[in-house]
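User: I'd like to walk through this structure with you, one short question at a time. Have a look at it first.

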Amino acid sequence: MAILPIIKFPNPILTRVSVPVTEFGPDLKEFAKDMLDTLIAAPGAGLAAPQVARNIRLIVIDDSEIDEPHYVRTLTLVNPEITAAEGKQVYKEGCLSVTDLEANVNRSERVEVSFLDLDGNPRTLSAEGRKAVILQHEIDHLDGILFIDHLSPLKREMYVKSLRKKKKDKDKEPQKS
Ligand code: NI
């Protein structure tokens with residue numbers, strides 16, 4: 001079991017477009033297992049490889065609902081792609097890489113996703129509601145997009161400013177010797 005460090009906005013790794021996975025060996029399986037350990041320890045609803053500083057197209061999600069905390073339903077998706085989307089929903093999102101912010105984001109209500117499993121076999125999945133949001137949020141990460149990029153420019157700028165101020169305040173704190 002390995003818990004990987006999660007990088008935070010504004011780390012530029014988070015804004016890169018990740019490359020497709022082409023090798024399906026033991027290294028990939030071990031990395032996916034570490035991603036799941038990291039997600040469950042966080043805890044979070046989803047984690048994308050760029051968040052642990054690897055720009056490859058792999059995501060893990062934990063679809064357990066809040067009212068069933070001991071029931072973990074995890075899924076690993078390699079090279080996931082949204083092949084169909086319909087309907088609209090507004091969902092309050094946060095992100096393990098975006099500290100101290102939750103905000104409403106417009107998403108599709110239903111999505112169909114094609115992906116590969118850890119052996120490279122093609123799979124598909126349909127999801128709606130919360131699970132559809134998690135999938136859209138995590139797949140965005142693979143294209144260098146964070147949920148704050150879906151906010152209005154003013155809201156996003158307010159967040160960036162608040163982060164800068166926090167950093168400044170922290171830098172001002174007297175050093176402990
Ligand atoms: Ni995220």
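Metal site and fold

User: Let's start with H141: buried or exposed?

Analyst: H141 counts as buried because its relative accessibility is 1%. Buried means under 20% relative accessible area, exposed over 50%, and partly exposed in between, with a 1.4 Å probe and protein chains only. Bear in mind that this is a predicted model, where local features need pLDDT of at least 70 and side-chain atom pairs pLDDT 80 or more, while totals for chains, interfaces and linings use all residues. Residues are numbered from 1 along each chain as its sequence is written, and side-chain values use heavy atoms, with hydrogens and water left out.

User: Which protein donors does the nickel ion have?

Analyst: C95 through SG, plus H137 and H141 through NE2, at 2.1 to 2.3 Å from the nickel ion. Donors here are N, O and S atoms within 2.8 Å of the metal (3.2 Å for Na, K and Ca); water is not among the atoms, so sites may look incomplete.

User: How are the donor residues spaced in sequence?

Analyst: As C-x41-H-x3-H. C95 sits in strand 4 (residues 89–95) and H141 in helix 2 (residues 129–142), so this pair links distant parts of the chain, 46 residues apart. Helices (H or I, at least four residues) and strands (E, at least two) are DSSP runs, numbered from the N terminus. C95 is buried too, at 12% relative accessibility.

User: OK, zoom out. What's the order of elements?

Analyst: Three helices and seven strands, running α-β-β-β-β-β-β-β-α-α from the N terminus on. The radius of gyration is 17 Å against 16 Å from the globule rule for 177 residues, so the chain is as compact as a globular protein of that length. That radius is taken over C-alpha atoms, and the rule is 2.2 Å times the number of residues to the power 0.38.

User: How much of the chain is buried?

Analyst: Buried residues make up 42% of the 177.

User: Strand 6 next. Which way do its side chains point?

Analyst: They alternate along residues 110–116: V111, V113 and F115 face one way and are buried, while R110, E112, S114 and L116 face the other way and are not. In a regular strand, side chains alternate between the two faces of the sheet.

User: And which strands pair with strand 6?

Analyst: Strand 3 (residues 74–86) pairs with it in the antiparallel sense over six bridges, and strand 7 (residues 122–128) does so in the antiparallel sense over seven. Two strands pair if DSSP finds at least two bridges between them. E112 stands opposite A84 and also opposite S126 in strand 7. Strands 6 and 7 form a hairpin with five residues between them, and G120 in the turn has a positive phi of about 85°.

User: How many salt bridges are there?

Analyst: Eleven in the whole structure, each a side-chain nitrogen of Lys or Arg within 4 Å of a carboxyl oxygen of Asp or Glu. One of them joins D119 and K29, with the closest N and O atoms 2.7 Å apart. D119 is in the loop between strand 6 and strand 7, whereas K29 is in helix 1 (residues 26–41), 90 residues apart.

User: What does E86 bridge to?

Analyst: R110, again with closest N and O atoms 2.7 Å apart. E86 is in strand 3 and R110 in strand 6, so the pair ties together parts 24 residues apart in sequence. E86 is partly exposed at 46%, and R110 is partly exposed at 33%.

User: Which residues form a salt-bridge network?

Analyst: E93, R107 and D140 are linked that way.
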